[in-house]
Amino acid sequence: MPSTASTAEPYCERGSLLALDSVVCLICPLSRERSMKPKYIPLPDYRKYSVEEMRRRAVGFRQELQRRRTVRQFSSRHVPREIIEECLRTAGTAPSGANKQPWHFVVVSDPEVKRRIREAAEREEREFYGGRAPQDWLEALAPLGTDQHKPFLEVAPYLIAIFAQSYDLTTAGAKVKHYYVQESVGIATGILITALHHVGLASLTHTPSPMRFLNEILGRPDNERPFILLPIGYPLEGGKVPDLRRKTLDEVAVTVGE
Ligand code: IYR
């Protein structure tokens with residue numbers, strides 16, 4: 001019926017009120033089909049390089065990332081918030097399962113909140129180092145020199161708590177499934193770490209386990225699970241990092257084909 005279809009149409013498009021979607025679809029069964037059709041645009045801003053230029057960029061980028069190190073000693077020096085926000089926008093360019101973008105970033109600079117996070121994290125770590133961790137795990141960590149003390153959680157000017165959303169909720173309270181959540185949030189976190197390094201900031205991929213205390217302290221809902229806690233800032237001048245070796249290409253990759 002053309003009249004029904006045209007009246008219903010404004011409500012059937014993507015971006016319409018989700019809660020109305022199912023109601024509209026009952027009235028107009030064609031609307032869901034229409035709203036599920038992919039909309040394509042030309043690939044935006046793609047850049048093609050000569051092989052020479054590709055080589056130069058590949059080496060340059062590798063050299064820049066080669067300089068990245070995880071640090072545990074931070075300076076408390078102020079970092080402008082806008083820099084962090086720009087890096088978070090970059091993280092948000094990550095690919096994700098069904099484009100659900102199942103991540104949420106909580107940026108913490110409030111000293112009192114940082115103190116509470118440190119206290120809760122150190123409580124977990126005391127148990128971890130004091131008996132919960134199996135011997136082989138402790139042996140694997142020995143070269144890093146980590147222990148239950150986490151002063152960086154208060155010293156670093158920012159903590160970014162990265163949450164993985166197992167599902168989303170519509171305004172009407174219905175669950176919306178997310179796909180490949182760990183993979184998606186892992187990729188976004190990698191891009192975030194790279195973006196921070198690119199602007200000269202250091203980070204630490206910290207995973208106190210379990211991390212559920214972050215939901216309580218940061219007031220995050222049940223559909224979000226803490227993924228990684230990332231202290232961020234300038235590295236402490238004169239600070240040290242463990243003397244580690246990165247695996248060579250031959251150790252991490254094989255080629256099948258020419
Ligand atoms: N979460 C603990 C232990 C720890 C575990 C791994 I795997 C590391 O790569 C580093 C530390 C801690 O933060 O000390």
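Q: What counts as a helix or a strand in this model, and where does that leave proline 210?
A: Helices are DSSP runs of H or I with at least four residues, strands are DSSP runs of E with at least two, and both are numbered from the N terminus. The structure is a predicted model. Proline 210 is in the loop between strand S5 (202-203) and helix H10 (213-218). By this rule the protein chain has 11 helices and 6 strands.

Q: What makes the bond before proline 210 stand out?
A: The peptide bond that runs from serine 209 to proline 210 is cis, and its omega is near -5°. Serine 209 is also one of the residues around the ligand.

Q: Which other residues are around the ligand, and how do they divide by type?
A: Besides Ser209, the residues are Glu125, Phe128, Leu141, Leu144, Thr146, His206, Thr207 and Pro208. The shell divides into 4 nonpolar, 4 polar and 1 charged. Glu125 is the charged one, because Asp, Glu, Lys and Arg count as charged.

Q: Why is histidine 178 called buried?
A: Histidine 178 has 21 C-beta neighbours inside 10 Å. The cut-off for buried is 20 or more, so histidine 178 counts as buried. Histidine 178 lies in the loop between strand S4 (175-177) and helix H9 (181-198).

Q: What does histidine 178 touch beyond its neighbours in sequence?
A: Leaving out residues up to four places away, histidine 178 touches Gly97, Lys100, Pro102, Gln165, Ser166, Tyr167 and Asp168. Asparagine 99 is 79 residues from histidine 178 in sequence, and the two C-alpha atoms are 9.0 Å apart in space.

Q: Why is arginine 72 called buried although it is found in a loop?
A: The class depends on the count of C-beta atoms, and arginine 72 has 23 such neighbours inside 10 Å, so it meets the cut-off of 20 or more. The loop in question runs between helix H4 (51-66) and H5. Arginine 72 touches Phe152 and Leu204, not counting residues up to four places away in sequence. Arginine 72 and isoleucine 232 are 160 residues apart in sequence and 9.8 Å apart in space, C-alpha to C-alpha.

Q: Is alanine 98 buried or exposed, and what is unusual in its backbone?
A: Alanine 98 has 11 other C-beta atoms within 10 Å; the cut-off for exposed is 12 or fewer, so alanine 98 is exposed. Alanine 98 has a positive phi of about 50° although it is not a glycine. Alanine 98 lies in the loop between H5 and S1.

Q: Why is glutamine 101 called partly exposed?
A: Glutamine 101 has 18 other C-beta atoms within 10 Å, which is under the 20 needed for buried and over the limit of 12 for exposed, so it is partly exposed. Glutamine 101 is found in the loop between H5 and S1, and its phi is positive, about 50°, although it is not a glycine.

Q: How do you know that S1 and S2 pair, and what about S2 and S6?
A: Two strands pair if DSSP finds at least two bridges between them, so the 6 bridges between S1 and S2 qualify. S2 and S6 pair over 8 bridges. Both pairs run in the antiparallel sense. Valine 107 stands opposite isoleucine 160 in S2, and tryptophan 103 stands opposite alanine 164 in S2. Isoleucine 160 in turn stands opposite leucine 230 in S6.

Q: What makes S1 and S5 edge strands?
A: The open sheet has 4 strands in the order S1-S2-S6-S5, with antiparallel pairing. S1 and S5 each have a single partner strand, so one side of each is left without a neighbour in the sheet.

Q: How do you know that both faces of S2 are covered?
A: In a regular strand the side chains alternate between the two faces of the sheet. Tyr158, Ile160, Ile162 and Ala164 are on one side of S2, Leu159, Ala161, Phe163 and Gln165 are on the other, and all are buried. That is 8 of the 8 residues of S2, whereas buried residues make up 23% of the 258 residues in the protein chain.

Q: Which residues touch the most other members of the largest nonpolar core?
A: This core has 36 residues, and those that touch the most other members are Leu159, Ala161, Ile162, Leu230 and Ile232. Among the elements that give two or more residues to the core are strand S1 (103-108), strand S2 (158-165) and strand S6 (224-233). Leucine 159 is in contact with Val108, Lys114, Ile117, Leu153, Leu229, Leu230 and Pro231, leaving aside its neighbours within four places in sequence.

How values were computed:
Residues are numbered from 1 along each chain as its sequence is written. This is a predicted model: local features need pLDDT of at least 70, side-chain atom pairs count only at pLDDT 80 or more; totals for chains, interfaces and linings use all residues. A nonpolar core is a set of buried Ala, Val, Leu, Ile, Met, Phe, Trp, Tyr and Cys residues joined through C-beta atoms within 7 Å. Two residues are in contact if their C-beta atoms, placed from the backbone, lie within 7 Å. A residue is near a molecule or strand if its C-beta atom, placed from the backbone, lies within 6 Å of it.
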